[in-house]
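I opened the notebook to look up how the pieces of this protein fit together. My plan was to go element by element and write down what I found.

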Amino acid sequence: MSGGTKKKENGLVLREVKVGESTRMLTILTARHGVVSASAKGALNPKSKLFSATGLFCYAEFLLREGRNTYFVDEADVIDVFFGLRQSVEGIALATYIAELAMILSPTAAESAALLHLVLLALHSLAGGKQAPGLVKPAFELRALADNGYMPNLVGCAECGRYDGIPFYFDAQKGELLCAGCAGDYKQEPNLSPGALAALRHVVLAEEAKVFGFALGAGSTRELNRCAEEFMLYHIDYPPRSLAFLKTLEGADGQLGPGAPETGEKPDAAQHTSEEEKAEN
């Protein structure tokens, strides 16, 4: 955006901070310009036209005007506000975590549209109860990093090329797989069952609209969460502060919120589960 010009931009409010009595300072993930800061003067006044469209997790069409050090929101029209997020502590906490992770990744202009779409899909899944928080979290972590330059090599075992059929070890540092046999040569224990491996591949390789459309047993869900979180923490500059609170919401089974609901469409991640995982479901 050139100085002083006004442009309409679709974006999601990732963070809002009160400034003075009536101004909101926003951090917005935009479709074309990545993460930007914008001042919404008067937005805290309930009578303001900006009040509804500048709240946390609001997706809106913004009319942004470029200032010397920041943007200014001149107009904003609501597209979605994800009311369902606020129906559970897990939902709002995970949404906060997703927003913080998006800010840390701070995508380039070329990558911003894809990350925005992924965040919106994640929030729709949570707000509409379409997917369990315990599956949304690892799916978002893995796909967000893969789309932003950290694509893991999931073709097969990095040593022997084996594709599936036995447990595998996922190396979060190298972003590659070792089958159980080859992992033993490196004194590593497998950390992915066949079902968790299928889910990992689904999340990273499926078309974007289907990233969150899978089901998984409790044991494999724990494995997927551990691998995704390790992968995320290794490849970003610093851990999200919201992660610590999110961890306090995990149940005794290590899952965030209730188990994943059964879905009408089960992609490869569910079709390749073992008999033990079927029993878990």
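**Entry 1: helix α2**

I started with α2 in this predicted model. α2 has 19 residues, and I looked up the span from its first C-alpha to its last: 27 Å. That is close to the 27 Å expected at 1.5 Å a residue.

Next I asked which residues of α2 are buried. I listed Ser112, Leu115, Leu116, Leu118, Val119, Leu120, Leu121, Ala122, Leu123, Ser125 and Leu126. Then I asked what covers these buried residues. The cover includes four strands, β1 (6–19), β2 (23–30), β3 (34–40) and β4 (59–66). It also includes the helices α1 and α3 (133–147).

I looked just past the end of α2 as well. There Gly129 takes a positive phi of about 65°.

**Entry 2: α1 against its neighbours**

How do α1 and α2 pack? I found helix α1 at residues 89–105 and helix α2 at residues 109–127. Their angle is about 175°, and their axes lie 10 Å apart. Angles over 145 degrees count as roughly antiparallel, so α1 is roughly antiparallel to α2.

I noted who makes the contact. From α1 come Gly91, Leu94, Ala95, Ile98 and Ala102. From α2 come Leu115, Val119, Ala122, Leu123 and Leu126. Sorted by type, the residues of this contact are nine nonpolar, one polar and no charged.

Then I turned to α1 and α3. Their angle is about 5°, with the axes 11 Å apart. α1 and α3 are therefore roughly parallel to each other. On the α1 side I wrote down Glu90, Leu94, Tyr97, Ile98, Leu101 and Leu105. On the α3 side I wrote down Pro133, Val136, Lys137, Phe140, Glu141, Ala144 and Leu145. This contact divides into ten nonpolar, no polar and three charged residues.

Leu94 and Ile98 of α1 turn up in the contact with α2, and again in the contact with α3.

**Entry 3: strands β1 to β5**

I followed the strand pairs next. β1 and β4 run antiparallel and are joined by seven bridges. I checked one pair: Leu12 has Tyr59 in β4 as its bridge partner.

β4 also pairs with strand β5 (residues 71–80), again antiparallel, through eight bridges. Here Ala60 stands opposite Val78 of β5. How many residues does the hairpin from β4 to β5 pass through? I counted four.

β2 and β3 are antiparallel partners over seven bridges. Leu26 has Ala38 in β3 as its bridge partner. A hairpin of three residues joins β2 to β3.

β3 has another partner. Two bridges join β3 to β5, and these strands run parallel. I noted Ser39 opposite Phe72 of β5.

Is β3 largely enclosed or open? Five of its seven residues are buried, so β3 is largely enclosed by the rest of the structure.

**Entry 4: the three-stranded sheet**

I then looked at β6, β7 and β8. They form an open sheet in the order β6-β8-β7, with mixed pairing. Which strands stand at the edges? They are β6 (153–157) and β7 (168–171). Each has a single partner strand, so one side of each is left without a neighbour in the sheet. From one strand to the next, the twist averages 20°.

I checked one pairing in detail. β6 pairs with strand β8 (residues 176–179) in the parallel sense, over two bridges. Cys157 has Leu177 of β8 as its bridge partner. Helix α5 (residues 194–205) packs on this sheet and touches β6, β7 and β8. The direction of α5 makes about 145° with that of β6.

**Entry 5: helix α6**

I took α6 (residues 218–235) last among the helices. It has 18 residues and reaches 26 Å from its first C-alpha to its last. The expected value at 1.5 Å a residue is 26 Å, so I noted the two as close. Among its buried residues I listed Glu223, Asn225, Glu229, Phe231, Met232 and His235.

**Entry 6: the whole protein**

I ended with the totals. The protein has nine helices and eight strands. Of its 281 residues, 49% are buried. Among contacts with a separation of 6 or more, 62% are between residues 24 or more positions apart.

Technical notes. Residues numbered from 1 in each chain as written. Predicted model: local features only at pLDDT ≥ 70, side-chain atom pairs only at ≥ 80, totals over all residues. Heavy atoms only, no water. Pairing = 2+ DSSP bridges. Axes fitted to C-alpha atoms, helices over the stretch in contact; angles between N-to-C directions. Contact = heavy atoms within 4.5 Å. Parallel < 35°, antiparallel > 145°, perpendicular 65-115°, else oblique. Nonpolar A, V, L, I, M, F, W, Y, C, P; charged D, E, K, R; others polar. Buried < 20%, exposed > 50% of the residue type's maximum accessible area, 1.4 Å probe, protein only.
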